[in-house]
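User: Please examine the model shown below and answer some questions on its fold.

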Amino acid sequence: MKISVLVVDGVFDSGLASVLDVLRTANELRHEVPQPPPPWEVACVSPRGPVRTAVGHRVETVAPEAAPAPGALVVPGVGHKRPGPLTAWVASPDQAPERELVRQARAARTPLAAACTGTFLLAESGVLDGQPATTTWWLAPDFRQRYPEVLLDETRMLTHAPGVSTAGAATAHLDLALSLVRDGSPALAELTARYLLIDTRPAQAGYAVPGHLARTDPMVAGYERWVREHLDRPLRIADAARSLGVSERTLQRAVDRVLGISPLRFAQRIRLEQAAHLLRTTGLPTDAVARRVGYENATTLTTLLRERLATTPGQLRRQSPPGAEGSGSGPRLA
């Protein structure tokens, strides 16, 4: 149960802390479950000695060759939140030792696990080619264009492929660390989650902002605006393409290139985002919300919310701010 955590200069502080805290808590709770697993032995490793986190804290590390042979190599995210600096960092000659360490671990069949922007280091090292993976949702268009061989699904909170696990944005480090505990003991993982108040979050889709994703391409941004302007009407891709002055095929290719989904699926994300907003902030009946976002009835909306966002109207109502329930008011859609 030995785990090496690859720590780099600029590592995301809460990401690193989440991984370490979950594993330490699991160790402390081991004997409270039947048939406890062996303890986890965690080493922070770096090929360059002590490192500084994104906010400047010093982290002592050991050289990878000096640490015990790990049963898993974990790669937390780094502090870069914009695609330009992140891709420049991950591809820079300075990070060649980290990329090589990842490749060596893969060649040795050491399981790999990465979260948030740490997934870019795995992808840059080539170990995700042909594998399902997820990453932080707002960087997904850039990830998809830079690493087209990776089978990316940014709606997932966690993905597992043979020998490789990836997790989504920021606090998904918690989910990734819990999955390591779950491999040793599902009962201990559940107990650890309860102690740390970590809720089950199977998807990132409910957190993603479709408008943010669309801004990476002018045509996709134009399509997103058109969908919002026609939200309560039947969706006709041909009408959208005509309004944008392009062919339907051109529009389909643009959306697929940037987002990895069809224009219809992207419109569905926009509709569900707006429906979730209305359910949280107004007292409108679910049927009325469904009609406002282009669905015939509450049943259709409820089914899609459950399938796509892993939630229900009732759960969204419980997240509403004080005074919203029963008000019948709230932001109106364009």
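The questions and answers below treat the overall fold, a sheet and a helix pair.

Analyst: This is a predicted model, in which local features need pLDDT of at least 70, side-chain atom pairs count only at pLDDT 80 or more, and totals for chains, interfaces and linings use all residues. Residues are numbered from 1 along each chain as its sequence is written, and side-chain values use heavy atoms, with hydrogens and water left out.

User: What is the radius of gyration of the chain?

Analyst: The radius is taken over C-alpha atoms, and the globule rule is 2.2 Å times the number of residues to the power 0.38. For 334 residues the rule gives 20 Å, and the chain comes close to this, so it is as compact as a globular protein of that length. The radius of gyration is 22 Å.

User: What share of the residues is buried?

Analyst: A residue is buried at under 20% relative accessible area (1.4 Å probe, protein chains only). Among the 334 residues of the chain, the buried share is 50%.

User: Which strands form the edges of the open sheet of six strands?

Analyst: Strands are DSSP runs (E, at least two residues), numbered from the N terminus, and two of them pair if DSSP finds at least two bridges between them. The sheet has mixed pairing and the order 2-1-5-6-10-9. Pairing on one side only marks the edges, strand 2 (41-45) and strand 9 (158-161).

User: Which residue of strand 10 is the bridge partner of Ala 113?

Analyst: Strand 6 (residues 112-115) runs parallel to strand 10 (residues 164-167), with four bridges between them. The partner of Ala 113 in strand 10 is Ser 165.
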